[in-house]
Amino acid sequence: MGCGVSKSSQFHKQSGKALRAAVLIQRWYRKYVARTEMRRRYTWHIFQSIEYSGEQAQIKLYNFLGYLMDNFTPSSNERNLISHIFRENDICRDAEWERYFCYKNIEVPDIYSGPHLTFPLTVEQAAGLVEAFRNKKQLHSRYVLQLLLETWKMLRMLPNISRVSTCQSKEITICGDLHGQLEDLLLIFYKNGMPSLDKPYVFNGDFVDRGRDSIEILLILFSFMLIYPRDVHLNRGNHEDHIINLRYGFTKEVLTKYKMHGKRIMKLLQKIFSWLPLAAVIDQKVLVIHGGISDTTDMSTLAKVDRHNYVSALRPPKRKHPTTARASIDSEMDDDLVNHKIFQRRASLAFPRTIGARDSFMNRSLQDFSDRIKTNMDDELQICQQAYPLFTTTVSSQEQEDVPSASSDSINSDVDEEWKQILDLLWSDPMKQNGCIPNELRGGGCYWGPDVTEEFLNRHNLQLIIRSHECKQEGYEFCHNRKVLTLFSASNYYDIGSNRGAYVKLGPNLVPYVVQYQATSQTRELTVRQSVGRTERSALKVLREQLFSHKSDLICAFKKFDPDNTGRLSLNDWASALESVMNLDIPWRMLRCQLVTSKLINGTIDYNEWFNELAVKGLHSDHIDQGILETLYRHRSTVETIFRIVDTDNSGFISMADFRQTWKLLSVYLKMEFTDEAISDLAVTIDSNHDGSIDIDEFMEAFRLTDKKSRLERGRSMFMGTATDLTKLDENPSI
């Protein structure tokens with residue numbers, strides 16, 4: 001009896017220990033999962049915040065350049081630096097453009113080993129094109145122009161809204177953003193099959209930018225669309241825009257791969273992008289659009305828009321008089337074919353009224369520019385004339401003659417309304433709250449809530465909106481009571497393991513079936529911890545660049561917490577100062593170990609030593625003006641974008657004169673004064689071979705930030721500049 005009690009007592013003791021051990025393991029695991037999720041979230045937040053701020057910076061830059069073009073009359077040389085990006089879409093006959101894009105005089109050499117195309121295209125040729133691109137072969141420029149020309153002809157016959165239907169034997173596949181990642185498209189075709197009569201597809205925009213194979217993706221999709229025009233549908237995204245392409249890599253990719261005929265290819269792609277349909281409707285019940293809707297979105301208006309007038313969705317088209325339209329086209333062709341005549345551009349009739357001072361201009365989103373008020377610009381013009389002699393303040397007599405009448409105001413109002421509809425369609429994002437507000441984070445479009453979705457679906461007798469435009473960790477996400485589905489098809493978008501890609505299959509019952517994937521085999525070999533850690537390290541590298549590029553702002557903030565000028569801060573003060581400058585809403589205290597490698601002394605951080613851990617790669621910059629250096633670090637992508645604009649012949653080089661004019665343009669944009677001596681010192685430093693020209697790629701590479709312990713290679717050009725940079729520059733021009 002006693003022995004039995006002893007065994008029972010021993011059993012209870014052992015089981016008690018096991019339960020306590022199980023509870024401890026459970027607590028540890030829950031903490032581990034919570035910390036992993038926190039790391040995943042702040043990593044995602046870092047990437048997404050910087051990505052959206054880059055888009056906002058590009059929109060503001062484009063609006064600023066348009067502001068200069070509309071309100072100033074510079075000398076012809078300076079105007080020619082930027083005027084070519086504002087040339088409106090053509091009013092010339094299609095036959096004239098077809099002659100301009102003619103490919104017949106381009107010979108294919110015998111040594112060419114890539115794919116050959118004959119028209120009309122066959123399925124075998126399209127499959128061969130896919131295989132050739134899989135093997136890293138390049139399509140000859142003759143075939144590229146021919147394929148694009150056939151695509152342009154077809155797109156001109158398509159409506160703004162594609163109508164797609166299912167039947168018992170068909171499932172429609174919808175794909176989201178691909179962003180130049182060919183491996184994702186190849187994986188989709190491998191898993192789901194190539195487009196065919198029995199395998200229809202809708203590709204929902206953003207085919208280009210950021211990835212390395214944007215032109216290959218376009219050529220594949222255009223090929224299948226030509227073969228199956230009723231079964232392959234392409235929607236326009238916000239990146240099918242030549243202004244966005246300047247910043248995010250597509251323009252550079254095309255001009256690098258096709259040095260001889262790249263300019264003609266890019267011009268033809270601009271036209272193709274403007275003719276891409278805006279939306280697709282499946283079985284009259286499912287709307288497929290790239291960005292989203294607003295409380296003013298109307299399907300009947302979208303169906304009637306002249307979509308090809310919107311070469312860039314960032315700016316409404318201008319009304320053209322026949323004479324100016326003719327001059328525009330002639331100058332466009334003369335630039336490319338004859339002697340680079342200077343394009344003359346008149347004041348906008350779409351926005352005939354000038355905006356206010358640049359302080360208000362720099363902080364406005366695109367919607368704000370649709371309601372410009374009449375303001376006296378004499379003071380602003382005089383200031384700019386005194387500060388920057390390259391700008392003259394005489395408004396041309398032709399511009400003064402272009403005062404709109406009541407009838408033209410009505411036309412302009414219609415154009416403005418159409419533009420807002422397209423802008424919302426391409427740039428908007430959903431939000432959890434009810435209502436519709438401007439999308440200040442991106443700088444364009446709006447945020448719309450569940451109530452707007454419900455009202456829109458009821459008004460148009462729809463049941464679901466499928467949109468893209470936002471990277472999601474799982475490749476997709478439902479919101480608004482599962483009536484809005486976000487779909488993103490570019491896996492590993494920010495870094496390997498950062499997110500899955502996904503596509504959706506819809507059958508006759510219109511119930512979405514989501515297929516997820518990751519295109520890189522490395523991700524299958526990583527544990528969750530390794531995957532999160534890798535992405536976190538990549539985000540922290542980007543964050544370090546941001547911190548160093550805001551060095552002067554941060555030092556000012558640190559000194560407010562360090563009145564005795566000791567050079568040291570407590571951890572709390574360090575975190576508070578960082579958040580006051582960066583406004584990223586991330587756990588700075590938690591990130592201290594990853595961001596600060598030096599040891600704490602009495603719980604304080606030496607912030608001067610922290611900044612010294614970063615350096616500029618391969619450039620002796622001691623004699624370069626520090627204001628110029630910080631501008632380069634902080635606004636690196638903006639500087640590169642302006643260089644690409646100034647490089648009108650797309651050679652990759654700009655002259656010393658254009659280099660100096662570019663910095664004068666930047667000084668106006670950033671409201672910072674750079675002396676001619678400082679600009680000359682920078683030019684001499686970069687021009688190592690003394691040939692009188694600047695290699696854009698070498699120049700930008702010289703100002704890539706690096707960590708002394710690990711190289712900070714960014715991979716994508718979007719990670720520069722935070723959302724509050726321009727606001728702060730406006731508030732304090734002495735930064």
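1. Helix α10 (residues 262-275) has 14 residues, which at 1.5 Å a residue should span 20 Å; the C-alpha atoms at its ends lie 20 Å apart, so the two values agree. The helix is mostly covered, with 13 of its 14 residues buried. The model is a predicted one, and the remarks below should be read accordingly.

2. Helix α7 (residues 214-227) also has 14 residues, and the distance from its first C-alpha to its last is 20 Å, close to the 20 Å expected at 1.5 Å a residue. Because 14 of the 14 residues of α7 are buried, this helix is largely enclosed by the rest of the structure.

3. One neighbour of α7 is helix α6 (residues 182-192): the two axes come within 9 Å and cross at roughly 35°. The crossing of α6 and α7 is left-handed. On the α6 side the contact is made by Leu182, Leu185 and Phe189, and on the α7 side by Glu216, Ile217, Ile220, Leu221 and Phe224. Classed by residue type, the contact of α6 with α7 comprises 7 nonpolar residues, no polar residues and 1 charged residue.

4. At the level of the whole chain, the model contains 28 helices and 20 strands. Of its 735 residues, 57% count as buried. Among contacts between residues at least 6 apart in sequence, 76% join residues at least 24 apart.

5. An open sheet of 6 strands deserves separate comment; its order is β1-β5-β6-β10-β12-β11, and its pairing is mixed. The edge strands are β1 (161-164) and β11, each of which pairs on one side only. Neighbouring strands of this sheet are turned against each other by 20° on average, direction ignored.

6. Within this sheet, strand β5 (residues 279-282) pairs with strand β6 (residues 286-288) in the antiparallel sense, over 3 bridges. In this pairing Ala280 stands opposite Val288 of β6.

7. Strand β12 (residues 484-487) has Val484 and Thr486 pointing one way and Leu485 and Leu487 the other way, and all are buried. With strand β10 (residues 464-467), β12 pairs in the parallel sense over 3 bridges; here Arg467 stands opposite Thr486. With strand β11 (residues 476-479), β12 runs antiparallel, joined by 4 bridges, and Tyr476 stands opposite Leu487. Thr486 and Leu487, the β12 residues named in these two pairings, point opposite ways from the strand.

8. The hairpin of β11 and β12 has 4 residues between the strands, and His480 there takes a positive phi near 55°. His480 is also linked to helix α17 (residues 450-460), in which Pro450 is placed: the C-alpha atoms of Pro450 and His480 are 4.9 Å apart in space, although the residues are 30 apart in sequence. Leaving aside neighbours within four places in sequence, Pro450 is in contact with His480 and with Met431, Lys432, Gln433 and Asn434.

9. Helix α17 packs on the sheet described above, where it touches β6, β10 and β12, and its direction makes about 115° with that of β10. Two of the strands it touches, β10 and β12, are the parallel pair joined over 3 bridges. A colleague inspecting this region may wish to view α17, the hairpin residue His480 and the buried residues of β12 together.

Conventions. Residues numbered from 1 in each chain as written. Predicted model: local features only at pLDDT ≥ 70, side-chain atom pairs only at ≥ 80, totals over all residues. Heavy atoms only, no water. Buried < 20%, exposed > 50% of the residue type's maximum accessible area, 1.4 Å probe, protein only. Pairing = 2+ DSSP bridges. Expected span 1.5 Å × (residues − 1). Contact = heavy atoms within 4.5 Å. Axes fitted to C-alpha atoms, helices over the stretch in contact; angles between N-to-C directions. Left-handed = near helix turned anticlockwise from the far one by under 90°. Nonpolar A, V, L, I, M, F, W, Y, C, P; charged D, E, K, R; others polar.
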